[in-house]
Amino acid sequence: MGKTKHTGRIRLPKSWDSRLWVSKRPFGLGLVKPKHIRDTFKTVWDNRDNLPYAYRILTQGVCDGCALGVSGLYDQTLEGPHVCTTRLNVLRLNTMPAIKERWLYADIEDLRKLSSAELRKLGRLPYPLIRRRGESRFSRLSWDEALSRIADKARAIDPKGIAFYLTGRGITNETYYAAAKAARAIGTNHIDNASRICHSPSKTALKRSIGVGASTCNYKDWIGTDVLLFWGSVAANNQPVSTKYMYAAKRKGTKIIVINPYREPAMGGYWIPSIAESALFGTKLADDFYQVNIGGDIAFMHGIMKRWFEAEETEPGSAIDHDFVGRHTSGYDALRSHVEALEWTEIERSSGLTRSRMEELANLLASARSGVFVWSMGLTQHRFGTDNISQVANLALLRGFLGREHCGLMPIRGHSGVQGSGEMGADPFSLPAGEIGSAEDRTRIEAVWGFPLPEWQGDIVGVSLENALHPEGHESKLRLFYTSGGNFLETMPDPRHVQSCLEAVELRVHQDIVLNSSALADAAEEVVLLPAMTRYEQPGGGTSTSTERMVYFSPAIEGPRIGEARAEWDIFGELAERISEGQGGLARFRSAEDIRKEIAIAAPNYDGIQHLHHRGDVFQWGNAWLCEGGVCPTPDGRGQLIPIPIPDLQRSVGRMYATTRRGKQFNSMIYGEQDSFNAAGRYDVLISAQDAQRLDLEDEDAIVVHNRNGLFHGRAKLAPVASGNIELYWPESNMLFKRGVYEPHAGIPEYNASVQVERADRYYAHKDMHYVEKAVAELDMEPPT
């Protein structure tokens with residue numbers, strides 16, 4: 001860990017710089033861009049019945065949207081207030097009244113006709129509900145009845161038939177910790193969370209490459225670094241406040257590079273509403289885009305390294321930081337031999353970029369004195385996601401971009417709760433500040449918790465759901481599934497199969513603040529709904545950990561409370577107490593403060609969390625830079641340079657590669673049918689003009705995208721996408737992605753697939769049996785899993 005403390009907020013320049021303007025049209029009038037003023041007024045209107053409470057949440061609470069870590073209206077990076085559309089969009093979840101009884105007890109088929117957005121707008125869950133097999137309506141339960149039913153079921157089955165899942169939606173460290181402890185007290189290691197589904201390759205790869213699975217630097221390090229490189233990340237869309245950091249970086253002379261199959265308009269230019277100059281004329285963000293093939297990132301990075309090693313032949317030290325590499329890394333010779341053996345033709349074919357373009361970025365990075373590499377799900381959600389991230393770490397280690405100011409590796413987080421989830425032990429591989437597979441960590445946690453941990457390996461949530469389909473008598477057959485938030489029907493590949501899994505579970509528990517489509521699915525025996533408090537309602541407040549490892553305290557905020565909703569950490573504790581009358585009582589906490597005191601003991605990095613009591617309280621675990629001075633928490637104290645193979649995607653003539661894209665949404669919660677940055681609809685398919693011409697397509701033509709997994713009806717949307725690749729909106733396109741494909745090191749689902757794209761009229765004109773049989777045979781060409 002580092003010793004240098006974070007130095008606090010910095011000021012934005014007061015002068016303007018017209019060279020960075022996107023357009024001289026005031027407020028970008030007439031251009032396709034987010035309508036921040038309109039959206040702000042919409043938020044006011046949506047919350048008009050509870051405006052004072054909404055205002056207190058914004059000004060006193062820690063943001064429950066993204067993981068930048070805005071407390072009230074302020075962060076630790078820049079002076080001045082911050083608020084973004086992401087936070088405004090989710091604000092209504094906290095201020096809604098309870099669902100009216102006519103909807104709570106409506107016929108289930110009427111509820112199923114509503115979209116998730118419409119279900120969400122019905123309001124908050126006010127009290128426990130149950131729907132038994134064969135019943136067409138929910139009915140009310142008391143808390144005692146609800147928890148007794150769940151506990152009775154849990155005691156009657158093997159703990160291997162019980163699984164827990166927690167979303168990233170506003171959940172606090174206290175809840176993750178209490179759930180992790182409760183699950184183990186009950187006797188199950190089947191517990192998982194949204195963070196692992198999104199960023200588990202980041203943690204896994206960083207642990208093996210540099211010994212620590214978190215961001216090594218701060219947002220402040222963006223501002224003044226020579227190169228700020230975004231890999232598979234659209235921060236301007238998903239973490240809008242980050243555009244202020246990019247603005248500040250541009251004013252300091254930082255070059256911003258984006259590597260993505262799609263030339264993201266949000267990263268090209270953005271109108272930042274809280275900066276007058278940018279609000280009026282926009283700010284050019286990216287200096288260059290490298291439009292890599294979907295899945296071609298590893299080859300692209302090999303191209304960069306190959307150029308570096310070639311430069312070293314003629315001018316030693318011109319590309320590699322030999323002092324850093326010699327003192328702080330292992331594996332240099334093996335990596336160099338691996339890269340030098342690769343042919344440029346193979347690298348170009350896989351990456352989709354020319355040698356000259358790769359050499360161009362290689363030269364820029366070689367001349368840079370500092371660099372920060374930021375990535376998100378564009379790198380992680382592949383079956384080789386861990387290798388993607390270790391390859392990024394290879395680049396940083398070769399240049400010495402680690403453990404000092406303006407340098408580092410940053411997996412940028414989406415939800416506000418996800419950085420802390422694994423650190424609290426809420427996944428099948430983790431314990432607080434440790435790993436389930438480490439005998440030392442297990443012994444340490446057993447001493448803190450006071451009971452033995454289950455000795456078997458837990459499953460990731462996708463496998464747990466599949467386990468519901470096991471035959472009777474199978475010890476791992478999922479019989480009780482307990483989910484805090486989450487909507488698997490709209491987040492996992494192959495929704496029809498997911499529904500069959502959900503319906504096969506005997507007892508499903510949905511602990512949430514609103515209804516969603518997954519909660520309406522049938523169950524083999526019964527579905528129980530439990531009403532949860534938001535983070536702003538929980539007694540004693542709560543904490544969350546930002547991308548840059550800042551642990552923020554968010555107080556309970558004065559305002560209305562919904563029916564019988566309870567603090568989530570308390571529900572988990574009481575449930576464990578009821579299920580396991582012995583050790584289960586050890587998982588029950590009296591207060592949020594007591595949880596924080598125990599976290600400080602169980603997770604030494606979090607020593608300091610016990611002192612967070614008041615609005616604005618914050619500390620940073622690990623201090624400003626992890627691996628400070630290049631010293632890594634690995635067995636030999638060195639970063640590991642790892643030779644990474646180029647994945648074989650088996651691209652074939654006439655086929656394209658598809659990936660997912662986010663639009664006007666927060667995770668699977670859709671807030672608008674039209675993308676604010678490109679005017680695309682939810683069923684538009686982003687495709688290059690070159691590919692459209694080859695397929696005889698014009699803009700807005702009806703098309704069919706299909707493979708052996710499923711069929712998607714949409715419309716062609718001509719866009720600057722790398723040829724041979726298409727992007728579709730998520731979760732609408734989930735039927736195209738194969739179920740059960742998980743990254744071998746970290747267990748993340750794959751959200752990429754080989755597909756065929758056809759004009760709809762041609763697809764249906766030729767849809768006879770001979771054509772279908774031929775097509776299916778041709779489509780059986782997806783890469784091996």
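This is a short chat about reading a pocket, a helix and a few unusual backbone spots in a predicted model.

Reader: What should I know before I start?

Author: Residues are numbered from 1 along each chain as its sequence is written, and side-chain values use heavy atoms, with hydrogens and water left out. The model is predicted, so local features need pLDDT of at least 70 and side-chain atom pairs count only at pLDDT 80 or more, while totals for chains, interfaces and linings use all residues.

Reader: Which residues lie nearest the centre of the second largest pocket?

Author: First, the idea: rolling a probe the size of a water molecule over the atoms shows where empty space is left. A pocket here is an open set of points on a 1 Å grid over the protein atoms alone, where a 1.4 Å probe fits, with protein on both sides within 12 Å along at least five of seven lines; lining residues have an atom within 4 Å of a point. This one has 35 lining residues, and Lys203, Lys207, Gly213, Gly434 and Glu435 lie nearest its centre.

Reader: Which element gives the largest share of the lining of the second largest pocket?

Author: That's H9, with seven residues. Helices (H or I, at least four residues) and strands (E, at least two) are DSSP runs, numbered from the N terminus.

Reader: Which residues are buried in helix H24?

Author: An α-helix has 3.6 residues a turn, so residues three or four places apart point the same way. In H24 (residues 495-504), the buried ones are His497, Val498, Cys501 and Leu502. Buried means under 20% relative accessible area, with a 1.4 Å probe and protein chains only. They sit on the same side of H24 because they cover an arc of only 140° around the axis, taken from the directions from the helix axis to the C-beta atoms.

Reader: What do the buried residues of H24 pack against?

Author: Helix H23 (461-466), strand E15 (480-484) and strand E16 (507-512); contact means heavy atoms within 4.5 Å.

Reader: Where is the backbone unusual?

Author: Most residues other than glycine have a negative phi, and most peptide bonds are trans. His406 has a phi near 65°, a positive value, and lies in the loop between helix H20 (385-399) and strand E12 (408-411). Asn623 is also not a glycine, yet its phi is positive, about 65°.

Reader: Is Asn623 buried or exposed?

Author: Buried, at 15% relative accessibility. His406 is buried too, with a relative accessible area of 19%.

Reader: And which peptide bond is cis?

Author: The one from Trp730 to Pro731, with omega near 15°. Look for Pro731 in the loop between strand E28 (725-729) and strand E29 (752-759).

Note on methods: Buried < 20%, exposed > 50% of the residue type's maximum accessible area, 1.4 Å probe, protein only.
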